[in-house]
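Got a minute to walk through a two-chain puzzle at the desk? Pull up the viewer and we'll take it question by question.

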Amino acid sequence: MALAIELIDITKRFPGVLANDRVNLSVEAGEIHAICGENGAGKSTLMKILYGMQPPDEGKMLVNGKEVNFASPSEAIDAGIGMVHQHFMLADNLSVLENVILGSEPVMSGGRIDFNEAHRHLAEVADSYGLDVEADDLVESLEVGERQRVEIIKVLYRGGEILILDEPTAVLVPQEVEELFRNLRELKARGSTIIFIDHKLLEVLEIADSITVLRQGRTVATVKAEDVTAADLAELMVGSELPSPETTENTVTDTVALEVTGLTVLDEDKRPSVSNVSLRVRKGEIVGIAGVEGNGQGELIDAIVGTADISTGSISLLGEDITNWEVRARREAGIGLVPQDRHHEGLLLSAPLWENAALGHQTQVPFSKRGWIDRAGSKAQTERIVEEFGVRTPNVEVASYALSGGNQQKLIIGREMTANPVVLIAAHPTRGIDVGAQAAVWQSIRDARAEGLATMLISADLDELIGLSDTILVMFHGEIVAELDPASITPRDLGSYMTGAARSEDN
Amino acid sequence: MPKDFKTLMLTVAAPATAVVFALLFSSLVLLLAGSNPIDAFADMLEYGTRLEVMVDILNRAVPLYISGIAAAVGFRMNLFNIGVEGQYSMGAFFAAAAGGAIVLPGFLHLLFILVVAMVVGALWAGLAGWLKVARGVNEVISTIMLNFIALGGVIAALIVPWRDGEGSLNSGTKLIEDSGLLPDLNWLLEIFTRDIGKSRELSGALVLAVLVGIFYHLLINRSRLGFDLRASGMNPMAAKAGGVPPKQMVMLAMVVSGAIAGLVGMVDILSRAGRYDNNFTPGLGFAGIAVALLGRNHAVGVAFSALLFAFLSASSSILQITGSASPEIVVIMQGIILLVAVIAYEFVNRIKEREVTRLASLAVEGADA
């Protein structure tokens, strides 16, 4: 069969990160091709390149056998490629029809929009692909699934033959997912080619014909959906080699540092994002939280740190109930945080390093005294952090945006570690940083563990989880579905718990 | 050090560019209007450097500066307090009314008036802060609305009860006794200069402005509260995770901004009129936004920009007399200065960012080698 898309040795670099490393992708015309991989594996970058939003640094792209170089998405659209973004690009106060024709309006003489022609064309597209929409409804009145359908029709209306769907099921409820899959099968039957980005393995197996797995910016494999199981895919996504077991001695003590009991957090729609979670972290222990992203880990962190409201349950630190404490009181009492997104939650990008080092600890010596910032003390402390944690920077007056991701992360780890926390919440501590920095971060977590730090480690990197943790808890749909011993677990087993394919008995 | 010198040059480059562009554009406008720009600017410069006019410039700069600092407090937290206008009118009106109603011995009287002005300004701004915290009302909208209420309310309050006698068109609060007024500072200036001509008095509010500037600098750059405030402005998510309570910060910023705003009208009521009357200077709150923007929310920067704006408006009055141009040209100049400054600041920022990033990456390579 002819290839609709062929990407050859695509490489894309960002400062300090190799997002795509000689990625190859072959998509046959008329198939549904899924791209799988953990967050940060390079899926989004690859799709942005294909859709003309970013140029590749190296490599070749062929669409329907012809080499292309897209300077912008409009060139990709002209080549028949359309993208359905995860966050819809629709104008709420316009009708379905107006949204669909926006930017490619049929024009009559005098520059007026030919609404009759638009109506006719929309009806034709909707009919021939079996997509059910009401042209005159306002978009704001539509359900999420219907909005997504409008996005798909937008692509088809412009003559798109190749559709890229970026995590289309992330925003849908199960019934809507079924509806979407019916529509996609219909599109396929009409000859469209579909590229489907997802990391929910069961869904991928259900809808895709072929699957390409990316890991750390590289293509790992392309497989036929009928030849693999969810466990096989999980293994491909997270790496098949078993990490060498840690030989460090057990430092777990009997003192419970952090205890979470029956914690439930509700999201904006009053649905539980964290559901009746109980866990304990002892001094000297690292408790790993595994789970596909978006299964409540972020909300669990926010609840413990105090930035999110909890519905029921309690949290205690060294036996003291901190459920109703302010964030500041919790931080002062010894909860350290390495946030999951350092740019959004961890740094003041335009502020100098020493102010960044003070953030979260600004009420304490050496950063402040009696309500005044101790500039000299802060700078000296920051210099110690820079020295001890190997942050590469000309000086501590540099704004933190100037540092590479790895150095920013080392600064954050250093800032939290030097504050001598009782409990460290470390979310994806090595995401997006280079190998050297990664080893340094791991070492500091291990050292702190030996000194009695209680660590809650949230990570998408299963090697990291298995390598560092004393206990692994698996989160799925906001619940803890398994408690596992990292010494005896394989990534394959972990994968099936993470995707909800298995559930341990004792939980 | 040459590196520091370069940074300094970059900092000065943006406002300097803005002024140069403003001169060029307004020259063009003057030429189109049939005036000679060189004559006009020469007139302004000659007039604006006379001692008496310089006193006038300082008196005009003081409220602009205080207003600019009031706006800057909000800006530092990404809060757009558009309501300085209403806050200073309310503050001045109530301070004048209260100060006229009672007499306290000596300095206490003045202090009382200042405190009333600040408290009223803080309350009026705090209302907008409370609406944002409790109800999620955008502070731009609420402060604009509160401006209308304040200005309309003050006018309504003034018209009937405080008319200067039956049938008079003028109205104002009761005159404040001398003990409540700000002393003039001519004696201070005359240490350095010749005697200042009659009917020109350097307002004691200059001292207030200096104190406000020092307070602002210490609060924002030296205190922990200021750190919390700036952190919330730079990255609210990170600040929150770092233990900064976002709602309290909004209230704090609005209340401090409003309290400072309350002092803006003091030159008018405590040095000029001795009361709040219908000649009270309007528009200082909006001008303060511009002054803060040009001064980059920096205590010293705002002082320079307040002086520049004050110079332009004070010296333009000569144009009417010499007839070399229309005095409205300074409004055009102020507009252009702002517009160009905003662009130039952005431009300079990018140059700085690139430079810093380059230095940081050099450090990394150096460490690798």
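What follows is a set of questions and answers on this predicted model.

Q: How many aromatic pairs does a search of the whole structure find over all chains?
A: Rings of Phe, Tyr and Trp count as a pair if their centres lie within 6.5 Å. Searching the whole structure on that basis, the tally over all chains is seven.

Q: Is the pair of Phe93(B) and Tyr276(B) stacked or edge-to-face?
A: Planes under 30 degrees apart count as stacked, and over 60 as edge-to-face. For Phe93(B) and Tyr276(B), the centres are 5.5 Å apart and the planes sit at 90°, so by the cut-off this pair is edge-to-face.

Q: How many residues apart in sequence are the parts that Phe93(B) and Tyr276(B) tie together?
A: Start with where each ring sits: Phe93(B) is in helix α4 (residues 84–101) of chain B, while Tyr276(B) is in the loop between α12 (266–273) and α13 (284–294) of that chain. Phe93(B) is buried at 5% relative accessible area, and Tyr276(B) is buried at 6%. The parts that the pair ties together are apart in sequence by 183 residues.

Q: What kind of aromatic pair do Tyr276(B) and Phe280(B) form?
A: Both residues are buried. Their ring centres are 4.3 Å apart, with 25° between the planes. An angle under 30 degrees puts a pair in one class, so Tyr276(B) and Phe280(B) are stacked.

Q: Which residues do ring pairs link into a cluster?
A: Two members are already familiar from the pairs above, Phe93(B) and Tyr276(B). Following the ring pairs through the cluster gives Tyr88(B), Phe93(B), Phe94(B), Tyr276(B) and Phe280(B).

Q: Which residue lies over the face of Tyr345(B)?
A: Here we want a charge over a ring, with CZ of Arg or NZ of Lys within 6 Å of the ring centre. The distance from the ring centre of Tyr345(B) is 4.4 Å, and the residue is Arg296(B).

Q: Which residue stands opposite Glu259(A) in β14(A)?
A: Strand β11 (residues 256–266) of chain A runs antiparallel to strand β14 (residues 312–317) of chain A, and five bridges join them. Across from Glu259(A) in β14(A) you'll find Ser316(A).

Q: Which residue takes a positive phi in the hairpin of β14(A) and β15(A)?
A: β14(A) is joined by two bridges to strand β15 (residues 320–321) of chain A, and the two run antiparallel. Leu317(A) stands opposite Glu320(A) in β15(A). The hairpin has two residues between the strands, and the one with phi near 50° is Leu318(A).

Q: Which peptide bond is cis, with omega near 5°?
A: Most peptide bonds are trans. The one to look at here leads into Pro366(A), in the loop between α12 (353–358) and β17 (368–369) of chain A. It is the bond from Val365(A) to Pro366(A).

Q: Is His428(A), with its positive phi, buried or exposed?
A: Phi of His428(A) is near 45°, and the residue sits in the loop between β19 (423–427) and α15 (435–450) of chain A. Arg370(A) also has a positive phi, of about 45°, and is exposed at 79% relative accessible area. With a relative accessible area of 7%, His428(A) is buried.

Q: How many residues apart are Glu124(A) and Arg120(A)?
A: Their side chains meet in a salt bridge at 2.8 Å, N to O. Glu124(A) is partly exposed at 43%, and so is Arg120(A) at 45%. Both lie in helix α4 (residues 115–128) of chain A, about one turn apart, which in residues is four.

Q: Which residue forms a salt bridge with Lys369(A)?
A: Lys369(A) is partly exposed, at 43% relative accessible area. Its partner counts as buried at 19% relative accessibility. The closest N and O atoms are 3.3 Å apart, and the partner is Asp374(A).

Q: About how much accessible area does the nonpolar patch with Val115(B) have together?
A: Val115(B) is in helix α5 (residues 107–135) of chain B and is partly exposed at 43%. The patch also includes Phe107(B) and Leu123(B). Together, the patch residues have about 580 Å².

Definitions and conventions
Residues numbered from 1 in each chain as written. Chains lettered and ligands numbered in written order. Predicted model: local features only at pLDDT ≥ 70, side-chain atom pairs only at ≥ 80, totals over all residues. Heavy atoms only, no water. Phe/Tyr/Trp six-rings, centres within 6.5 Å; stacked < 30°, edge-to-face > 60°. Buried < 20%, exposed > 50% of the residue type's maximum accessible area, 1.4 Å probe, protein only. Lys NZ or Arg CZ within 6 Å of the ring centre and 35° of its normal. Pairing = 2+ DSSP bridges. Patch = residues over 30% accessible without salt bridge, like charges linked within 9 Å, V, L, I, M, F, W, Y side chains within 5 Å. Areas by Shrake-Rupley, 256 points an atom, 1.4 Å probe, with all protein chains shown as cover. Salt bridge = Lys/Arg side-chain N within 4 Å of Asp/Glu carboxyl O.
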